[in-house]
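I open this notebook to record what I looked up about enclosed space in the structure. The entries follow in the order in which I made them.

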Amino acid sequence: MRILIVGAGAIGGYFGGRLLQIGRDVTFLVRPGRAAELARDGLVIKSPHGDLTIPNPPVVQAADLAPGYDLVLLSCKAFDLDDAIASFAAGVGPQTAVLPLLNGMKHLDVLDTAFGRARVLGGQCVIAATLDAQRHVVQLVPMNAITFGERDGGVSERVGAIARTLGGSSFEVNPSAEIMQEMWEKWVFLASLAGSTSLMRAAVGAILAAPGGADFMLGVVDEISAIAAVAGHPPREAFLARARGALLAEGSSLTASMFRDIQAGARIEADHVIGDLIARGDAAKRPVARLRVIYTHLKAYEGQRG
């Protein structure tokens, strides 16, 4: 199976590097600057699962892309989605499956419009990774997994084939018969954590120690859970217990990548992670007062950033 990974940043670089390590047919679609970095240093991964350097990993640039890939693995930020689609469209052939690992749901409609719904799988990943000053991939904590499946449910032949191809490395591979449920549950927790820590500019433990902190975070979970329920995917009790437990852990240093991006003055996914939830809540006539406060804060940050 030929795999095209769009970008070789923290997420794409990590998963692609681990697949190359076990001999899979992986090519990175990169811009000229990243191609030069990879030619100079190789793909360097620093990880609790073992460091790895792959000299001269296979790369291609958009102008040289041709059809023939079986799987496109997409892990860009939501605000880069349109540019990413334009860059990899030439590599999509009749049998290509597109597996996005973006947050939220809005990207699914965009990808469906570009390539047709039948090509686009549901997917998500769990990993905390970044690029350091040397542009090397640094995995921050041991957790690393990809979960994916057919959006209509069941485990198809192509999902099984993808699972076999991705399997065998140091990250978990989870083919799912209910990927939309799992994507909604991740969105509930991600948006609650990102919204709360970004608004309060603090980790979970510090928010809990502040008056009203616990009530605010749990209220955000409730607002988003109600939106998920209207969409046909009410969060399961076991998930809610884990989510609430993580948000009620005293002294926790847990923050979201959105909060860390704000600290770094970087772009954020305000519309994709929070704004889209508000739109869905409004359409369903569900109250989203806390989400509105969070969204106003995030958009004010974006406005100041310019």
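**Enclosed cavities**

I began with the lining of the second largest cavity, and I note that α6 contributes its largest share, three residues. The model I consulted is a predicted one.

I then looked up which other element supplies at least two residues of this lining, and I found β8 (122-131) beside α6. I list the lining residues of the second largest cavity as Leu-102, Asn-103, Gly-104, Gly-123, Gln-124, Met-183, Lys-186 and Trp-187. By class, I record three nonpolar residues, four polar and one charged in this lining. For the space in the second largest cavity, I noted about 50 Å³.

Next I asked how many cavities of 30 Å³ or more the count gives. I recorded two.

I turned to the largest cavity, which holds about 70 Å³ of space. I entered its lining as Lys-77, Asn-103, Leu-190, Ala-194, Ser-257, Met-258, Asp-261, Ile-268, Glu-269 and Val-273. Two or more of these residues come from each of α6 (179-200) and α10 (257-263).

Which element gives the most to the lining of the largest cavity? I found that α10 does, with three residues. I also looked up the classes in this lining, and I wrote down five nonpolar, two polar and three charged residues.

Last, I compared the two lists for one residue. I see Asn-103 in the lining of the largest cavity, and I see Asn-103 in the lining of the second largest cavity as well.

Conventions
Residues are numbered from 1 along each chain as its sequence is written. This is a predicted model: local features need pLDDT of at least 70, side-chain atom pairs count only at pLDDT 80 or more; totals for chains, interfaces and linings use all residues. Side-chain values use heavy atoms; hydrogens and water are left out. On a 1 Å grid over the protein atoms alone, a cavity is a set of points where a 1.4 Å probe fits but cannot get out, and a pocket is an open set with protein on both sides within 12 Å along at least five of seven lines; lining residues have an atom within 4 Å of a point. Grid points are joined across faces, edges and corners, and a volume is the space filled by probe spheres set on the points. Helices (H or I, at least four residues) and strands (E, at least two) are DSSP runs, numbered from the N terminus. Ala, Val, Leu, Ile, Met, Phe, Trp, Tyr, Cys and Pro count as nonpolar, Asp, Glu, Lys and Arg as charged, and the others, Gly among them, as polar.
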